[in-house]
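Colleague: Could you pick one part of this model and take me through it closely? I'd also like to hear how it compares with the rest of the chain.

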Amino acid sequence: MINELEKRILSSFIIFPISLFFILKGSEFFAFFLGVIFFITSYEWLIMSKKKSFIKLIGIIFLLFSFSSAYFLRNEQGFYFFIFVIFISILTDLGGYFFGKFFKGPKLTKISPKKTYSGVFGSFLLSIIGGILLIKLFMGNTVLSIKETFEILILILVISLISQLGDLIISYFKRKAKIKDTGKILPGHGGMLDRIDGIIFAVPFSYLITNYYNL
């Protein structure tokens, strides 16, 4: 019998290369990919929101903004920066999951009973380690100054924080709707919103911040 962790790993092995292909291709391929995910997450949001019309509308508008931001962030900042943001969000999720599962400890909030302070620490720690390694991979032998290193660390921490807040926001709405998962499309993960809850907040934030500072 395959347990939930094994399902999560197996589905990730399928999701990752497909997603990477469309992100790498960019252009119309990426727009198509985003469109498919947008419709899936919108459907899950509408089901979760039930009869609350205002909440439904706000959610759909936000999702539209989030996926539009993803398209522009990929096209304007390039493949490597976009992957960096996604990678930090994924590591944030993994760090929270594994540290929370193995170290447990005090609960973070009633909004999401499984969230712990050890999970928050794990999210930041894994995102910092992975983010720095990814930067090293992308930049090769280029030596970063202390100022550049500090700025990258701050960016990683902020992206990780936004991703965690996004996770909590979706968890809040799931709790209000009295459901465990937003769907069943991804074995081990639940719905599409369950899988990308942090990403849909981290991406638009990254898009806004890069435009504000003209990065």
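**A loop and the helices around it**

Modeller: Let's start with Lys 178, which sits in the loop between α5 (146-177) and α6 (192-196). Please keep in mind that this is a predicted model. The backbone is what drew my eye here: phi of Lys 178 is near 60 degrees, a positive value in a residue that is not glycine. Lys 178 counts as exposed because its relative accessibility is 77%, and the cut-off for that word is over 50%.

Lys 104 also has a positive phi without being glycine, with a value near 50 degrees. Lys 104 follows α3 and belongs to the loop between α3 and α4. Its relative accessible area is 52%, so Lys 104 is exposed as well.

Now to the charged pairs. Side chains of opposite charge can pair when their charged atoms come close. The structure holds five salt bridges; one of them joins Lys 180 and Asp 181, at 3.7 Å from N to O. Lys 180 is exposed at 61% relative accessibility, while Asp 181 is partly exposed at 29%.

Helix α5 takes part in such pairs too. Glu 151 and Lys 147 meet in a salt bridge with an N to O distance of 2.6 Å, and both lie in α5, four residues apart, or about one turn of the helix. Why does that spacing suit a pair? An α-helix has 3.6 residues a turn, so residues three or four places apart point the same way. Glu 151 is partly exposed at 41%, and Lys 147 is exposed at 58%.

A further salt bridge joins Asp 167 to Lys 115, at 3.4 Å from N to O. Asp 167 is in helix α5 and Lys 115 is in the loop between α3 and α4, so this pair ties together parts 52 residues apart in sequence. Asp 167 is buried, with a relative accessible area of 13%, whereas Lys 115 is partly exposed at 24%.

That leaves α3 and α4. Helix α3 (residues 53-103) has 51 residues, yet its end C-alpha atoms are only 40 Å apart, where a straight helix would reach 75 Å. A bend of about 130 degrees is found in α3 at Gly 78. As for α4 (residues 117-139), it gives three residues to a nonpolar patch, the most of any contributor. Tyr 80, Leu 137, Phe 138 and Met 139 make this surface patch of about 410 Å². Met 139 lies in α4 and is partly exposed at 32%.

Conventions: Residues are numbered from 1 along each chain as its sequence is written. This is a predicted model: local features need pLDDT of at least 70, side-chain atom pairs count only at pLDDT 80 or more; totals for chains, interfaces and linings use all residues. Side-chain values use heavy atoms; hydrogens and water are left out. Patches are made of residues with over 30% relative accessible area and no salt bridge: like charges are joined within 9 Å, nonpolar side chains (Val, Leu, Ile, Met, Phe, Trp, Tyr) within 5 Å. Accessible areas come from the Shrake-Rupley method with a 1.4 Å probe; for residues, only the protein chains shown count as cover. A salt bridge is a side-chain nitrogen of Lys or Arg within 4 Å of a carboxyl oxygen of Asp or Glu. Helices (H or I, at least four residues) and strands (E, at least two) are DSSP runs, numbered from the N terminus. Buried means under 20% relative accessible area, exposed over 50%, partly exposed in between (1.4 Å probe, protein chains only). The expected span of a helix is 1.5 Å times one less than its number of residues. The bend at a residue is the angle between axes fitted to the seven residues ending there and the seven starting there.
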